[in-house]
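This report looks at one helix and one sheet. The structure comes first, then the details.

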Amino acid sequence: MVALHRAAHLAPTQTESRILLATFSETLASALKTKLRRLLGAEPRLAERIDVHSMTSLGLRLHKTLLGPVKILTDAEVNARLQKVAAGFPAHFTPNFLRTEWEQVVDAWQLGTWESYRAVARLGRKTRLPEARRMALWQIFAALREELAAENLLTESAVFTRLAEHIAQGPKPPFEHAIIDEAQDLSVAQLRFFAALGANRANALFFAGDVGQRIFQQPFSWKALGVDIRGRSRTLRVNYRTSHQIRSHADLLLGPEITDADGNVEARNHTISAFNGVPPEISLHAEMDDEERHIAAWIQKHLAAGALPDEIGIFVRSSNEIPRALRAVQISKTPANVLDDHIETTNGHVSMGTMHLAKGLEFRYVAVMACDEEILPLQNRIAAVGDNADLQEIHDTERHLLYVACTRARDHLLITGLEPGSEFLDDLRL
């Protein structure tokens, strides 16, 4: 909401300016447009000067306008090419390590030479790489880069890097003001783009986010990219979305303070909620059937008390657990809608999806299920760790995922799993 109010404040005061309001998904961008129209209902023309886009849509639109049309490859498409290229080289790296090294280091920072890859700090990538292994990796990445360039194909990071370079050289930016929602999940290239867009102009950039909800990006230094928020940020202390009982339990997952890569400390122990509710329920079961029946009874109880099906959301760690959620809703004899990357809820249906898709959503009633010992944290992520030093980052991001899922609940939160349950559940108990 703070991002919306910033846009509504700028529109009547910056009458000659174009204003950008950006967020991470098309569904959230659509929701922001609707809320913005309501906020500016008395002056609808003001909304015409505020462009609302998802990050992907913004990159595509600006690249088409400024540099020509382009197709952005999906992560899956790039990974398939990467594994195929790697098969032609003698050095062996696990598919997971190869993919994450590309996504979090080479593509993220748009490294174009061996020298730049050899020198990069690899912040957030704690697995140690001797120079010989790094050289073997670079041969694979360089071959992939050549293949993409030959076919004129770009990743999203490449699109935003191109836009940043173009805007830095241009006479006038496409927007005088940019407001970025969910800023904690900006990529390196996206932040580099906004740094170029702001170009050190006073109050040109406004970021709204929560470090505790960072689930899509590795930590990196904003200051190194020209965005220094030290002494210019403020932590909001009043939560209007989640009850005191749910928020206070969920905050236990993160600890009293979170520190970002630039040393900015966010204290979380002084936040208050604007309303009270009931404490979250944690229920562990011996069998999946018992868990599914418990979820079904919970749904039926709230429906009988007046809840609407579309006020109920169910979240699981990965798509592998979706069938468990679906069976629970089917037992309750309630229509179900499985969320996809477009994250659209359906009236009259219980929504279910992965924890990654929970971001930006809100339901009065939320069940977070399948919080089993080997599912949260996800065991295949841990098994793929190349160095024990990476384990902490994995545990941190898994905690953040559970935190995001739990804080989608406004009034009622149920957490279930198979005994003995996830190690994180002990931290949720006051």
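Contact here means heavy atoms within 4.5 Å. The model is predicted.

**Helix α11**

The buried residues of α11 pack against five elements: β9 (281-285), β10 (312-316), α12 (322-331), β13 (363-368) and β14 (409-418). Those buried residues are E291, E292, I295, A296, W298, I299 and H302. Seen down the axis of α11, they fall within an arc of 155 degrees, so they line one face of the helix.

The helix covers residues 288-304, 17 residues in total. From first C-alpha to last, α11 reaches 24 Å, close to the 24 Å expected at 1.5 Å a residue. Just after α11 comes G306, with a positive phi of about 115 degrees.

**The four-stranded sheet**

Strands of a sheet pair through backbone hydrogen bonds, either parallel or antiparallel. Here four strands form an open sheet with parallel pairing, in the order β2-β1-β3-β4. The edges belong to β2 (50-54) and β4 (205-207); each has a single partner strand, so one side of each is left without a neighbour in the sheet. On average, neighbouring strands are turned by 15 degrees against each other, direction ignored.

Strand β1 (residues 19-23) is joined to β3 (residues 177-180) by four bridges. L21 stands opposite I179 in β3.

Two helices lie across strands of this sheet:

| Helix | Lies across | Angle |
|---|---|---|
| α1 (residues 2-13) | β1, β2, β3 and β4 | about 165 degrees to β3 |
| α3 (residues 55-66) | β1 and β2 | about 110 degrees to β2 |

Conventions: Residues numbered from 1 in each chain as written. Predicted model: local features only at pLDDT ≥ 70, side-chain atom pairs only at ≥ 80, totals over all residues. Heavy atoms only, no water. Helix = DSSP H or I, 4+ residues; strand = E, 2+ residues; numbered from the N terminus. Expected span 1.5 Å × (residues − 1). Buried < 20%, exposed > 50% of the residue type's maximum accessible area, 1.4 Å probe, protein only. Arc of directions from axis to C-beta. Pairing = 2+ DSSP bridges. Axes fitted to C-alpha atoms, helices over the stretch in contact; angles between N-to-C directions.
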